[in-house]
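Please open the model in your viewer, switch on a cartoon with side chains available, and keep the sequence panel beside it. The stops below each begin with something to select.

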Amino acid sequence: MTERIQLPNLSTDNDFGGEFFAPIYTTTVTVSGGIASHGRASGRARSADGVLDLDLRMPAELGGDGRGTNPEQLFAASFAACFHGALSLVARQAALDPAAISVEATVAFGRDPGDGGYLLRVDLVVKWPDVVPEIAAPLLEKADSLCPYARMVWQGTPTTITLAS
């Protein structure tokens, strides 16, 4: 039997205050090692607490062996999980059961025709059986405004890059 977890005490209006970013949770993942010498991640990804510990490999479509997780899969899983969480939160606030919600994220890696750099494209598909589109649509919009991954995609994310000595 699946153990029921305690839901976090989050809301859409009451769990923040102030004018500055205030972290609620912080994690660190380090990627090291690997054999790719052309800019694609390979090696090992390990979280500071050791819970995430996996090999990274290039997908077969990009010339790799496809025998490990790749960054696009990690991003797709993270985005889908985050959006699912935001949608579940707003569904509960609307007195709807979020148990049947599923979120599928498709991440495409490709070239930017403008400058030749690389881009990601994300397509989210939400499956929510037995909920009519007129009820779901405003909740999807609210989830989109709450989900930090969606906000990152639409608005950008403050990022610092530091060379450690």
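Select S88 to begin: this serine is buried, with a relative accessible area of 7%, where buried means under 20% relative accessible area, exposed means over 50%, and partly exposed lies in between, computed with a 1.4 Å probe on protein chains only. S88 lies in helix α1, which covers residues 71-93; helices here are DSSP runs of H or I with at least four residues, strands are runs of E with at least two, and both are numbered from the N terminus. Display the side chain of S88 together with the backbone of H84, and you will find the backbone oxygen of H84 2.8 Å from a polar atom of that side chain. A polar contact is a pair of N or O atoms within 3.5 Å; within protein, one atom must be able to donate a hydrogen and the other to accept it, and residues adjacent in sequence count only if both atoms are side-chain atoms. Leaving aside residues up to four places away in sequence, S88 touches P98 and I101, contact meaning heavy atoms within 4.5 Å.

Before moving on, note that this is a predicted model, in which local features need pLDDT of at least 70 and side-chain atom pairs count only at pLDDT 80 or more, whereas totals for chains, interfaces and linings use all residues. Residues are numbered from 1 along each chain as its sequence is written, and side-chain values use heavy atoms, with hydrogens and water left out.

Stay on helix α1 and select F75, F79 and Y149, which form one aromatic cluster. Rings of Phe, Tyr and Trp (its six-membered ring) pair if their centres lie within 6.5 Å, and planes under 30 degrees apart count as stacked, over 60 as edge-to-face and the rest as tilted. The structure holds 4 aromatic pairs; one of them is the tilted pair of F75 and Y149, at 6.0 Å centre to centre with 50 degrees between the planes. This pair links distant parts of the chain, since F75 belongs to helix α1 and Y149 to helix α3 (residues 148-155), 74 residues apart. F75 is buried at a relative accessible area of 18%, whereas Y149 is partly exposed at 26%. F79 and Y149 form a tilted pair as well, with 5.9 Å between centres and 35 degrees between planes. Because F79 lies in helix α1 and Y149 in helix α3, the pair ties together parts that are 70 residues apart in sequence. F79 itself counts as buried, at 4% relative accessibility.

Next, select residues 102-111 and 118-127, which are strands β4 and β5, running antiparallel and joined by 10 bridges. Within this ladder, T106 has D123 of β5 as its bridge partner. The two strands form a hairpin with 6 residues between them, and G116 in the turn has a positive phi of about 80 degrees. Add the side chains of R111 and Y118: R111 lies over the face of Y118, at 4.4 Å from the ring centre. A charge sits over a ring if NZ of Lys or CZ of Arg is within 6 Å of the ring centre and within 35 degrees of the ring normal.

Finally, turn to the open sheet, where 3 strands follow the order β1-β2-β3 with antiparallel pairing; two strands pair if DSSP finds at least two bridges between them. Its edge strands, β1 (29-32) and β3 (53-56), each pair on one side only. Strand β2 (residues 43-47) is joined to β3 by 4 bridges, and R46 has D53 as its bridge partner in β3.
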